[in-house]
Amino acid sequence: MDLLEDAGIPPPRSPILTDEDRAALAGMALAQRQFYYVSVFFVGMAAGAAIAYFIGYDDLVRTVVRWVLSGTGLALIVAALNITKLYSFKCPRCGEVYFAGVGAPWWIFSKQCGTCGLPLHLSEEATPAE
């Protein structure tokens, strides 16, 4: 262990998750769930616009699409989705970006760390009987 410290390499993280680590995982799960809701909202808006276009409101749909493609519309969409926040979460176990890596093929939709495989939703451990 002294050789690692002498070389400037920090000691490895403990594989045991603390309450703070569990709180961090719960926060990541909440952010991912909010991303799902906002994504579904935008998909529903796009589907509604397609339906409106085909039933004859094409001039209104064009106006909305022009607004969305403007700088204001894109900024609002990016702020609402906030994908960069999901890519800033670090895994409590390994310290790497949680939603990136080989083990996270669905990126922000993954349910485990892309590096060490730590699940996003931990099962509650049984408490010993008293």
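**Salt bridge, surface patch and pocket**

At 27% relative accessibility, Asp-58 is partly exposed in this predicted model, because that class lies between the buried limit of 20% and the exposed limit of 50%. Asp-58 forms a salt bridge with Arg-62. The closest N and O atoms of the pair are 3.5 Å apart. This satisfies the cut-off, which asks for a side-chain nitrogen within 4 Å of a carboxyl oxygen. Arg-62 is also partly exposed, at a relative accessibility of 42%. Both residues belong to helix 3. Four residues separate them, about one turn of the helix. The count of salt bridges comes to one.

A nonpolar patch of about 520 Å² lies on the surface. Ile-51, Ile-55, Tyr-57, Leu-60 and Val-64 make up this patch. Among them, Ile-55 sits in the loop between helix 2 (19-54) and helix 3 (58-69). Ile-55 has a relative accessible area of 60%. It is therefore exposed, as the class requires over 50%.

The largest pocket holds about 300 Å³ of space. Its lining comprises 13 residues, of which Phe-42, Met-45, Val-64, Val-68 and Ile-77 are the closest to the centre. Helix 2, helix 3 and helix 4 (71-81) each contribute at least two residues to the lining of this pocket. By character, the lining has 12 nonpolar residues and one polar residue. No charged residue takes part in the lining. Val-64 is named both in the surface patch and among the residues closest to the pocket centre.

How values were computed. Residues numbered from 1 in each chain as written. Predicted model: local features only at pLDDT ≥ 70, side-chain atom pairs only at ≥ 80, totals over all residues. Heavy atoms only, no water. Patch = residues over 30% accessible without salt bridge, like charges linked within 9 Å, V, L, I, M, F, W, Y side chains within 5 Å. Areas by Shrake-Rupley, 256 points an atom, 1.4 Å probe, with all protein chains shown as cover. Buried < 20%, exposed > 50% of the residue type's maximum accessible area, 1.4 Å probe, protein only. 1 Å grid on protein atoms, 1.4 Å probe; cavity = no way out; pocket = protein on both sides within 12 Å on 5 of 7 lines; lining within 4 Å. Points joined across faces, edges and corners; volume = space filled by probe spheres on them. Nonpolar A, V, L, I, M, F, W, Y, C, P; charged D, E, K, R; others polar.
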